[in-house]
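User: I'd like to learn how to read a few features in a structure like this one. Could you walk me through them?

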Amino acid sequence: MKLPKLPAFLLAGSLLLATSCEKDLLDKTNPNAPSTAQFWKTQDDAVKSVYACYSGLQQFACYYRSWHFMAHRSDESYSQSPFVELANFTRFVTPDNNFFISSFAWNDYYRTIFRTNQVTTRVPAIQMDEPLKRRLIAEAKFVRALSYFDLVYFFGNVPLIIEEPVVTTRVGQATPAQVEAQIINDLQAAIADLPLSYGDADKGRATKGSAQALLAKVYMQQRKWAEASALFAQIISSGQYALVPNYLDNFTDVNENNRESVFEVQFTGSVLEVGQGQDNASSSESHDRPNFFGPPGATFADVQPRRWLLDAYTDSTLNFAPGSTKRHLIDPRRDICIIHSGNPDRFYGKTFGQWGWNPTQQYWRKYLNDRTRTDENFTSGINHRVIRYADVLLMQAEALTELGQMSTALPLINQVRTRPSVNLAPLTGTYTQTQLRQMIRMERARELAGEGTRWFDILRWGLMDDQAGINELRTRDTDFTNFRLGVSKLLPIPQRDIDIDPNIRQNPGY
């Protein structure tokens with residue numbers, strides 16, 4: 001879904017909230033620029049305004065770059081970046097409350113929310129096709145819900161803005177419970193008006209399944225297992241989704257928006273003219289993650305996978321049934337997810353040894369262009385898969401396990417394990433709730449490695465809530481030695497926003 005050029009006020013409008021100018025300057029009008037008085041008239045205006053919402057997810061500090069660094073503070077990744085401030089950020093050492101990774105993300109998410117609020121405020125008054133109008137508003141509510149999902153689980157108490165603001169608007173911070181309630185309201189409304197699927201020209205838009213899955217993820221974070229399970233069951237029974245035979249197809253620019261995709265952010269590898277109001281100097285519609293999450297020489301190598309994760313793929317058929325024997329096989333997903341000295345493939349045209357990489361190190365491979373390029377740049381065209389059907393199956397297995405329905409959960413795990421390109425032995429036997437819970441957690445680690453889901457997993461599992469959980473995380477990731485209970489689970493709210501609005505309070509410990 002290539003995004004068209006959009007009016008400047010849609011792309012940059014939220015920046016007005018932080019702008020202070022002399023009154024006479026504000027009163028001047030550029031006769032060549034479109035205005036809100038001219039826009040918001042036609043059906044075409046409404047369609048374009050929703051493109052602007054999706055474009056917000058492509059911004060520099062959303063899924064283009066910052067989201068990935070924020071999500072990879074989990075125990076599956078670490079950083080040896082020579083950019084010390086960045087490495088410290090991933091180690092829970094954040095001396096600067098305005099550090100650009102998180103502070104820019106705060107700004108760009110609220111810019112995206114501004115756009116969605118314009119849609120929900122102004123599109124209802126446009127005379128146009130009513131079913132299309134309802135669908136467009138539902139799409140905007142989905143994007144707003146996704147933006148607040150990330151904000152609340154990264155920052156905690158955040159301003160909750162759900163109407164189009166003006167320059168003088170000041171909104172107090174909401175509690176996480178209040179933000180979650182708004183996300184739920186938006187998604188419940190969106191589910192009613194979103195279609196099950198689209199034609200080829202509209203692939204990539206939010207569907208009913210996208211909204212159901214995101215709503216179920218909120219319920220999972222709230223540990224409302226029954227509510228989440230009911231939604232996952234609807235997605236599974238809808239007939240709209242299936243695991244693709246080739247696991248690799250989920251992480252390249254081939255076969256995007258396939259049947260396994262529940263929602264993905266669209267990117268293009270073309271270098272496009274920068275849209276007005278965008279932060280990135282090269283392209284606002286490409287994916288920057290590969291340039292920072294791969295091996296040295298071809299990428300900046302700022303984030304790497306932990307060794308425990310690599311080792312986890314060599315014990316892929318764990319069977320905890322009484323009297324069973326562990327089978328030590330190599331999980332085929334390992335070499336798709338991770339570059340390591342034992343991986344026989346060629347990367348960017350060379351073998352591991354030809355590159356001269358440290359054989360004791362491992363590097364992320366998922367989402368890289370190493371099969372088609374000689375190095376990475378700032379314009380990858382690989383879409384970011386926000387929610388995959390495999391994730392849905394494993395979350396449903398988790399919800400059912402927490403509800404004590406282990407025998408019903410087991411076939412869902414086996415669907416993921418027995419995908420044709422993975423073809424692992426199915427799990428058999430009878431398991432206790434504790435045993436199956438741990439197996440699901442490890443299966444999620446292997447299936448979803450490097451996709452940014454791990455942060456939300458360990459948050460949901462309560463591993464960052466007490467010392468016992470931190471001790472467990474430290475066994476896998478020594479960076480958690482720096483983790484401060486009651487502090488590090490949340491990022492600092494940008495100090496510049498607190499300086500602008502003294503009603504905003506900083507998170508504890510910063």
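Analyst: Sure, let's go through aromatic rings, cavities, a helix, some contacts and some backbone angles. Keep in mind that this is a predicted model.

User: Let's start with aromatics. How do I describe a pair of rings, and how many aromatic pairs does a search of the whole structure find?

Analyst: In general, you describe a pair of aromatic rings by the distance of the centres and the angle of the planes. Here the search of the whole structure turns up 35 aromatic pairs. Take F60 and Y64: their ring centres are 6.1 Å apart and their planes meet at 35°, so this pair is tilted. Both residues are buried.

User: Where do F60 and Y64 lie, and how many residues apart are they?

Analyst: The general idea is that an α-helix has 3.6 residues a turn, so residues three or four places apart point the same way. In this case F60 and Y64 both belong to helix α4 (residues 60-64), and they are 4 residues apart, about one turn of the helix. A second pair to look at is F100 with F104. The ring centres of F100 and F104 are 5.9 Å apart with planes at 70°, so the pair is edge-to-face. F100 and F104 are 4 residues apart in helix α7 (residues 100-122), about one helical turn. As for accessibility, F100 is partly exposed at 22% relative accessible area, and F104 is partly exposed at 34%.

User: Which residues form one aromatic cluster with those four?

Analyst: One aromatic cluster is made up of F60, Y64, F83, F89, F99, F100 and F104.

User: What about charges over rings? Which charged end sits over the ring of W308?

Analyst: That's R476, whose charged end sits over the W308 ring, 5.5 Å from the ring centre. There's also R484, with its charged end over the ring of Y510 at 5.7 Å from the centre.

User: On to empty space. How many cavities of 30 Å³ or more does a search of the whole structure find?

Analyst: The trick is that rolling a probe the size of a water molecule over the atoms shows where empty space is left. For this structure, the search gives 5 cavities of 30 Å³ or more. The largest cavity holds about 100 Å³ of space. It is lined by 15 residues, and the closest to its centre are Y63, W67, K217, V386 and F456.

User: Which elements give two or more residues to that lining?

Analyst: Those are α8 (130-155), α10 (208-221) and β8 (384-388). β8 has the largest share of the lining, with 4 residues. Sorted by class, the lining of the largest cavity has 8 nonpolar, 3 polar and 4 charged residues.

User: Now a helix. How far does α15 reach from its first C-alpha to its last?

Analyst: Helix α15 (residues 389-402) has 14 residues and reaches 20 Å, close to the 20 Å expected at 1.5 Å a residue. Of its 14 residues, 13 are buried, so α15 is largely enclosed by the rest of the structure. Just past the end of α15 comes G404, with a positive phi of about 85°.

User: Which residues other than glycine should I check for phi?

Analyst: Start from the rule: most residues other than glycine have a negative phi. Here, W40 has a positive phi of about 60° although it is not a glycine. W40 sits in the loop between α2 (23-26) and α3 (43-57), and it is buried at 8% relative accessible area. Another case is A301, with a positive phi of about 55°. A301 is in the loop between β4 and β5 (304-305), and its 10% relative accessibility makes it buried.

User: Last one: how far apart in space are A181 and V218, C-alpha to C-alpha?

Analyst: They are 9.5 Å apart in space, with their positions 37 residues apart in sequence. A181 belongs to helix α9 (residues 176-193) and is partly exposed at 35% relative accessibility. You can read E260 and R385 in a similar way: they are 125 residues apart along the chain, and their C-alpha atoms are separated by 9.6 Å. E260 is in the loop between α11 (225-237) and β4 (261-265), and it is buried, with a relative accessible area of 0%.

Methods: Residues numbered from 1 in each chain as written. Predicted model: local features only at pLDDT ≥ 70, side-chain atom pairs only at ≥ 80, totals over all residues. Heavy atoms only, no water. Phe/Tyr/Trp six-rings, centres within 6.5 Å; stacked < 30°, edge-to-face > 60°. Buried < 20%, exposed > 50% of the residue type's maximum accessible area, 1.4 Å probe, protein only. Lys NZ or Arg CZ within 6 Å of the ring centre and 35° of its normal. 1 Å grid on protein atoms, 1.4 Å probe; cavity = no way out; pocket = protein on both sides within 12 Å on 5 of 7 lines; lining within 4 Å. Points joined across faces, edges and corners; volume = space filled by probe spheres on them. Nonpolar A, V, L, I, M, F, W, Y, C, P; charged D, E, K, R; others polar. Expected span 1.5 Å × (residues − 1).
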